[in-house]
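The report below describes one protein model, moving from strand pairing to the helix, the core and the backbone details. Please read it beside the sequence and the structure.

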Amino acid sequence: MEEKRKKRSKRNIKNINTKKKRICSSSCSCNTRTHDHSSTTIQTLFFACNSFFKSPNSVPLPLDVNMIHFLLDNMTLEDVGLHSDQLFFMSKTTSNGTPRITYATVYQCNNFSMCLFFLPPRAVIPLHDHPGMTVFTKILFGSMHIKSYDWIDPIHESTHLRSAKIVMDSVFTAPSKSSILYPNAGGNIHCFTAITPCVFLDVLGPPFLDGRDCSYYKEHPCSSSSSSSDCNEVKEDNQNCWLEEIDVPKDLFRGVEYLGPKIIDA
Ligand SMILES: [Fe+2]
């Protein structure tokens, strides 16, 4: 089954690359027939995302999801122009004492974005959501603890306390397989804690653009409130909690320029 999936993904990648070469020969500004824009892994990932994230509201189809997983699962630090000997991590800390996180936008359009994150040891990206978004995550370097939740009631409007169920609570070490979260499933609300220096690549569709922003949350155990039955119904298995929206953390992120292989968006 796995072998079949890999073969199908490889065939589809070939189709995407063939299509791109045709576009390149007729309209690309590089003006040469010998230049192959499909030669880098990150460029192939771009082609796939560009095909599958068809609009800001689209969620990739299952076969398309498989292909993006296939590409991400095989990605390395070198594919984004980095090497473990040359990794640079910010030594500064945020106002609350945790290490600051660096990010570099690889590509961004209205439908999706690709972004690299660099976490020093002990750095934490606090619990945050991805409203209406599909997000792939691939750890390229290091070990990271990921804890994620989904809303028990996705259409609940309150921003004070909302009940959520735990989806994932595990440590992942590169080169682990890529993960995915959906608008209402797969752990749309998550928290990352770096155990070692970490680098990961996110593919976000749609991106954080045009007023779409994430909210940050703090966890409370179910026993801290009795105002709703949602959380209490299954609290005995310790899988549910309350999430309370908190202020956006200050000075947590610092943007730097992406210096890896260029994405040709032509
Ligand atoms: Fe996230």
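Strand β10 (residues 216-221) is joined to β11 by six bridges, and the two strands run antiparallel; within this pairing, Y216 stands opposite I246 in β11. Strand β11 (residues 240-246) also pairs in the antiparallel sense with strand β6 (residues 161-173), over five bridges, and there A164 stands opposite C241 of β11. Two strands count as paired if DSSP finds at least two bridges between them, while helices (H or I, at least four residues) and strands (E, at least two) are DSSP runs numbered from the N terminus.

All of this rests on a predicted model, in which local features need pLDDT of at least 70 and side-chain atom pairs count only at pLDDT 80 or more, whereas totals for chains, interfaces and linings use all residues. Residues are numbered from 1 along each chain as its sequence is written.

The protein chain has four helices and 12 strands. Six of the strands form an open sheet with mixed pairing, in the order β7-β4-β9-β2-β1-β12. Its edge strands, each pairing on one side only, are β7 (179-181) and β12 (253-255). Neighbouring strands of this sheet are turned by 25° against each other on average, direction ignored, where axes are lines fitted to C-alpha atoms, for helices over the stretch in contact, and angles run from 0 to 180 degrees between N-to-C directions. Within the sheet order, strand β4 (residues 134-141) and strand β9 (residues 198-205) run antiparallel and are joined by seven bridges, with K138 standing opposite L201 in β9.

Helix α3 (residues 62-73) has 12 residues, which at 1.5 Å a residue should span 16 Å, and its end C-alpha atoms are 16 Å apart, in agreement; the expected span is 1.5 Å times one less than the number of residues. The buried residues of α3 are M67, I68, L71 and L72, and because they fall within an arc of 130° seen down the helix axis, they line one face of the helix. The arc is that of the directions from the helix axis to the C-beta atoms. The face turned away from this buried side carries the exposed residues P62 and L63. A residue is buried if 20 or more other C-beta atoms, placed from the backbone, lie within 10 Å of its own, exposed if 12 or fewer do, and partly exposed in between.

Over the protein chain of 266 residues, buried residues make up 32%. The largest nonpolar core (buried Ala, Val, Leu, Ile, Met, Phe, Trp, Tyr and Cys residues joined through C-beta atoms within 7 Å) has 45 residues, of which C49, I68 and L116 touch the most other members. Elements that give two or more residues to this core include α2 (41-52), α3, β1 (101-108) and β2 (113-119), and the largest share, seven residues, comes from α2.

Two cis peptide bonds and two positive phi values outside glycine are set out below.

| Feature | Value | Place |
|---|---|---|
| A174 to P175, cis | omega about 0° | P175: loop between β6 and β7 |
| G205 to P206, cis | omega near -5° | P206: loop between β9 and β10 |
| R122, positive phi | phi near 80° | loop between β2 and β3 (124-128) |
| D251, positive phi | phi about 60° | loop between β11 and β12 |

R122 counts as partly exposed because it has 13 C-beta neighbours inside 10 Å, and D251, with 13 C-beta neighbours inside 10 Å, counts as partly exposed too.
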